[in-house]
Amino acid sequence: MERKLVSIQRIDHVEPIPGADNIQRARVMGWDVVVQKGAFASGEPCVFFEIDSQLPEGAPWAEFLRPRGFRVKTARLRGVLSQGLALPTSILEGDVPPVGTDVRDRLGVVKFEPVPSDSREVAGPFPTQVPKTDEIRLQSMLGVLEELRGHDFFVTTKLDGTSATFFRPLEGPLVACSRNWTLRPGPNPVWRMVERYTLDTVLPEGFAIQGELCGPGIQKNRLGLRETDLFVFSVHDTRTGRFLDHADFIAFCARHGLRTVPVEHVVTGEAARTFPHTLEQFLTLAQGLYPGTKSRKEGIVIRPLVERHSPTLGGRLSFKVINNDFLLKDED
């Protein structure tokens with residue numbers, strides 16, 4: 001599901017920040033956001049911008065973000081974590097639509113995307129047969145907690161690298177992709193994984209694997225790896241349009257000699273039925289370090305053991321929880 005980057009939401013509550021005269025803490029969906037004191041009252045609608053919203057440079061209401069390149073980022077103000085931006089609905093200059101309405105296009109906001117380091121590597125668009133790798137953050141869709149409740153599920157480590165997809169169509173050669181683009185064969189990390197794991201022959205026709213590339217020269221190599229490697233987090237059967245269930249996913253990777261992302265927890269049976277599915281519980285699980293390092297892990301990804309459709313997301317039941325310590329200390 002493509003998240004609603006900018007939408008009409010409601011201020012759930014507002015509370016003072018100790019020692020702060022001009023700002024307050026507000027809660028929007030599952031996010032804590034710092035707002036100007038007196039700007040909002042509890043229950044009032046607002047225009048909410050999620051992290052990585054790239055605001056239009058020419059808009060007067062966005063001018064205050066010029067020092068940050070007009071990009072909405074995580075920040076800490078007076079000791080309070082602020083994850084998003086809430087502005088008055090008056091910036092819409094017209095009728096205010098109902099809560100939940102996407103107003104991204106109306107305001108000219110786009111999602112921040114780093115450009116490829118070398119555009120000559122791009123061969124074309126991402127293949128339409130395979131879903132892109134972009135998990136929703138739990139705070140944006142708290143309804144998924146009730147959809148997961150009572151079902152067996154597993155938790156994997158979210159590795160801080162770069163996303164890659166490898167797809168072997170029923171006809172034609174292997175396709176290797178970054179997060180958003182199909183890449184030409186060459187000396188880039190994505191195609192080096194094709195060579196290392198002989199994916200052009202190992203990967204069965206009709207299947208796509210998606211994973212994280214981690215290692216020297218990628219982000220800050222927080223795993224401390226000596227060489228780049230691929231950690232698979234999903235296998236998609238394009239013939240059926242489904243992702244493999246957890247057990248089949250693990251077996252598929254073992255059969256084809258592929259590493260998976262670390263599985264931190266598998267919660268089944270009575271433990272799954274009594275598990276406290278709260279934002280606070282998953283934020284706690286998201287904390288910690290990558291094993292054997294002093295680097296804060298990026299977070300976790302949560303999925304049911306058996307793939308399920310999410311009415312909330314309109315697609316696969318799958319979501320991520322980012323480690324707040326990682327966001328504050330390590331994010332560029």
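**Group meeting: strands, helices and ring pairs in a predicted model**

Strand β4 pairs with strand β8, residues 85–87, in the antiparallel sense, through 3 bridges. Before I go further: this is a predicted model. I start with β4 and its partners, then take two helices, the aromatic pairs and a sheet.

At the contact between β4 and β8, F49 has L85 in β8 as its bridge partner. β4 has a second antiparallel partner, strand β1, residues 6–16, with 5 bridges between them. One bridge there is between Q9 and C46, with C46 on the β4 side. How much of β4 is buried? Of its 5 residues, 4 are buried, so the strand is largely enclosed by the rest of the structure.

Now the aromatic pairs. The structure holds 6 of them. Take F49 again, this time with W61: the ring centres are 5.6 Å apart and the planes stand at 35°, which is between the 30 and 60 degree limits, so this pair counts as tilted. F49 belongs to β4, residues 45–49, while W61 sits in the loop between β5 (53–54) and β6 (75–77), so the pair ties together parts that are 12 residues apart in sequence. F49 and W61 are both buried.

A second pair is F207 with F252. Here the centres are 5.4 Å apart and the planes are again at 35°, so this pair is tilted as well. This one links distant parts of the chain: F207 is in strand β16, residues 207–214, and F252 is in helix α5, residues 246–255, which puts them 45 residues apart. Both of these phenylalanines are buried too.

There is also a cluster, in which ring pairs link F153, F275, F282 and F319.

Two arginines lie over ring faces. R71 is over the face of F112, at 3.9 Å from the ring centre. R316 is over the face of F243, and the distance to the ring centre is 3.7 Å.

F252 brings me to α5. Which residues of α5 are buried? They are H246, F249, F252 and C253. Around the helix axis these span an arc of only 125°, which puts them on the same side of α5. A247, A254 and R255, on the other side of α5, are exposed. As for what covers the buried residues, the list includes β12 (153–158), β16, β17 (229–237) and β19. After α5 comes G257, with a positive phi near 70°.

Helix α3, residues 189–196, can be described in the same terms. Its buried residues are V190, W191, M193 and V194. Looking down the axis of α3, they fall within an arc of 150°, so they line one face of the helix. Among the elements covering them are β13 (162–168), β14 (175–177), β15 (181–183), α4 (199–202), β16 and β17. β16 and β17 therefore appear in the cover of α3 and also in that of α5, as we saw. Just after α3, T198 has a positive phi of about 45°.

Next, a sheet. What is the strand order in the open sheet of 5 strands? The order is β11-β23-β20-β12-β19, and the pairing is mixed. β11 (136–137) and β19 (263–267) are the edge strands, each pairing on one side only. Inside the sheet, β20, residues 299–304, and β23, residues 319–322, pair antiparallel over 4 bridges. Within that pairing, I300 stands opposite V321 in β23. β12 and β19, both in this sheet, are also listed in the cover of the buried residues of α5.

Last, the overall picture. The protein has 8 helices and 23 strands. Along the principal axes, the C-alpha atoms fill a box of roughly 60 × 50 × 40 Å. Is the radius of gyration above or in agreement with the value for a compact globule? For 332 residues such a globule would have a radius near 20 Å, and the protein has 21 Å, which agrees. 52% of the 332 residues count as buried. Of the contacts with a separation of 6 or more, 67% are between residues 24 or more positions apart.

That is the end of my part.

Notes:
Residues are numbered from 1 along each chain as its sequence is written. This is a predicted model: local features need pLDDT of at least 70, side-chain atom pairs count only at pLDDT 80 or more; totals for chains, interfaces and linings use all residues. Side-chain values use heavy atoms; hydrogens and water are left out. Rings of Phe, Tyr and Trp (its six-membered ring) pair if their centres lie within 6.5 Å; planes under 30 degrees apart count as stacked, over 60 as edge-to-face and the rest as tilted. Buried means under 20% relative accessible area, exposed over 50%, partly exposed in between (1.4 Å probe, protein chains only). A charge sits over a ring if NZ of Lys or CZ of Arg is within 6 Å of the ring centre and within 35 degrees of the ring normal. Two strands pair if DSSP finds at least two bridges between them. The arc is that of the directions from the helix axis to the C-beta atoms. Contact means heavy atoms within 4.5 Å. The radius of gyration is taken over C-alpha atoms; the globule rule is 2.2 Å times the number of residues to the power 0.38.
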